[in-house]
Amino acid sequence: MIARLGALLRRDLGLLLFGRRGGTVLPVLFFLAVAMLFPFAVGPEPQLLSRTGGGVIWVAALLAAILPLDRLIEPDIELGFFDQWALRGISEEWVVAVRVLAHWLSFGPPLMLASLIAAALLGLDGVSLRTVELGLLAGTPGLAALGVTVAALTAGLRGGTALAGLLVIPLAVPLLIFGAGSLATGGDSGIALTGAVSLVLLAIAPFAAGAAIRGARG
Amino acid sequence: MQGCSLAADDLACRRGDRLLFAGLSLSLAAGEALHILGANGIGKSSLLRILAGLLAPFAGTVARTGDVGLIDERPALDPHQPLARALAFWQRMDGAADNALARLGLAHLTDVPVRYLSTGQKKRAALARLLGQAAPVWLLDEPLNGLDRDAVRLAQALAAEHCAAGGICVVASHQGFALPGMRTLALADYAA
């Protein structure tokens with residue numbers, strides 16, 4: 001079983017990191033583009049930028065996490081992968097758990113690295129940067145779990161991708177409130193709550209997404 | 001090969017609000033083969049998916065021992081990867097050593113991305129995946145679609161070898177499938 005899950009993770013990472021649709025480069029560039037556009041939109045005033053920059057990084061991270069949603073689950077259902085896994089006794093729950101991990105690895109750490117550049121663009125100070133990075137570390141696994149769950153729920157629906165984006169944004173509000181909120185309060189409690197929300201989402205994701213994939217099978 | 005059996009009792013299948021078939025029972029022991037015949041849309045694929053455990057029957061039960069290998073219209077190979085890499089994923093999943101690529105006429109195609117393969121070549125690739133899985137129960141949904149004459153003979157020979165080695169083979173097809181000792185089941189007899 002471990003060998004099979006390892007093979008799954010290897011395939012998922014290969015497709016998500018180096019896939020044809022830009023892999024991990026596209027979300028990171030998108031993220032940096034948003035961070036770069038923001039000063040143009042609100043003006044180059046340093047205080048304003050450093051005060052709002054952390055929140056911008058969070059919104060940009062959320063949007064970047066939405067980009068690969070359409071290729072997280074649906075292609076594997078259409079190509080018959082989930083049926084073949086089911087025949088081999090690999091449950092949808094396991095596949096989803098591995099996919100959440102792969103999805104997170106493909107955008108979480110890259111975004112945390114890109115945040116260093118974004119922080120420089122937005123003029124964040126060291127303390128804020130530390131809070132942003134810790135918040136992203138606590139929050140992006142939840143975003144990954146949420147993304148995979150919603151991708152499974154909307155797989156096969158017409159306009160599923162747009163719908164997935166619309167569904168993820170409101171559901172990600174708690175992560176955003178606590179994550180970005182930790183910047184305003186300056187304490188670690190916000191990060192702890194972000195982590196708590198992430199853990200709940202991580203715990204739900206395999207079962208919710210697994211049930212959705214089984215339900216879509218006909 | 002591990003011991004295997006496949007039995008279904010009083011199966012019924014409903015798709016949407018349409019009852020496709022009802023009262024279907026069958027029983028296959030090791031080494032036996034069954035050809036499910038019927039017109040398009042009569043429920044052959046649904047029956048195979050029920051036998052595979054992928055679809056819940058509307059009524060009735062399925063009893064099965066032994067792993068199931070399924071071939072249907074979807075090859076379950078990553079379209080953008082070269083054939084060798086796409087098959088290597090399933091080799092790692094199944095712990096298989098060799099997919100008999102040479103015998104299936106795929107040896108010269110290992111560098112070609114799966115999306116460039118023809119229908120028949122994809123079918124051969126699916127057969128390679130099936131052979132690597134080494135499952136005792138084969139469920140083949142229209143296995144001959146898109147295959148040329150040589151490949152049809154090869155697929156029939158593979159099925160015959162599989163049954164001779166103690167495996168079960170269920171073929172759902174509107175085409176003929178030559179396999180010694182194969183029984184037939186006309187799904188129209190059970191249409192509701």
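1. Let's start with helices α7 and α8 of chain A in this predicted model. Helix α7 covers residues 126-154 and helix α8 covers residues 160-171; their axes come within 9 Å and cross at roughly 140°. That angle makes α7(A) oblique to α8(A), since only angles over 145 count as roughly antiparallel. The crossing of α7(A) and α8(A) is right-handed.

2. Which residues make the contact? From α7(A) they are Leu146(A), Gly147(A), Val150(A), Ala151(A) and Thr154(A). On the α8(A) side you will find Gly160(A), Leu163(A), Ala164(A), Leu167(A), Val168(A) and Leu171(A). If you sort the residues of this contact by character, 8 are nonpolar, 3 are polar and no charged residue takes part.

3. Over in chain B, have a look at strand β7, residues 168-172. Of its 5 residues, 5 are buried, so the strand is largely enclosed by the rest of the structure.

4. Which way do the residues of β7(B) point? Ile168(B), Val170(B) and Ala172(B) point one way, while Cys169(B) and Val171(B) point the other way, and all are buried. As background, side chains in a regular strand alternate between the two faces of the sheet.

5. Now for the neighbours of β7(B). Strand β3 of chain B (residues 33-37) runs parallel to β7(B) and is joined to it by 4 bridges. Here Ala33(B) stands opposite Cys169(B).

6. Strand β6 of chain B (residues 137-141) is also parallel to β7(B), with 5 bridges joining the two. In this pairing, Asp141(B) stands opposite Ala172(B) of β7(B).

How values were computed. Residues numbered from 1 in each chain as written. Chains lettered and ligands numbered in written order. Predicted model: local features only at pLDDT ≥ 70, side-chain atom pairs only at ≥ 80, totals over all residues. Axes fitted to C-alpha atoms, helices over the stretch in contact; angles between N-to-C directions. Parallel < 35°, antiparallel > 145°, perpendicular 65-115°, else oblique. Left-handed = near helix turned anticlockwise from the far one by under 90°. Contact = placed C-beta atoms within 7 Å. Nonpolar A, V, L, I, M, F, W, Y, C, P; charged D, E, K, R; others polar. Buried ≥ 20, exposed ≤ 12 C-beta atoms within 10 Å, placed from the backbone. Pairing = 2+ DSSP bridges.
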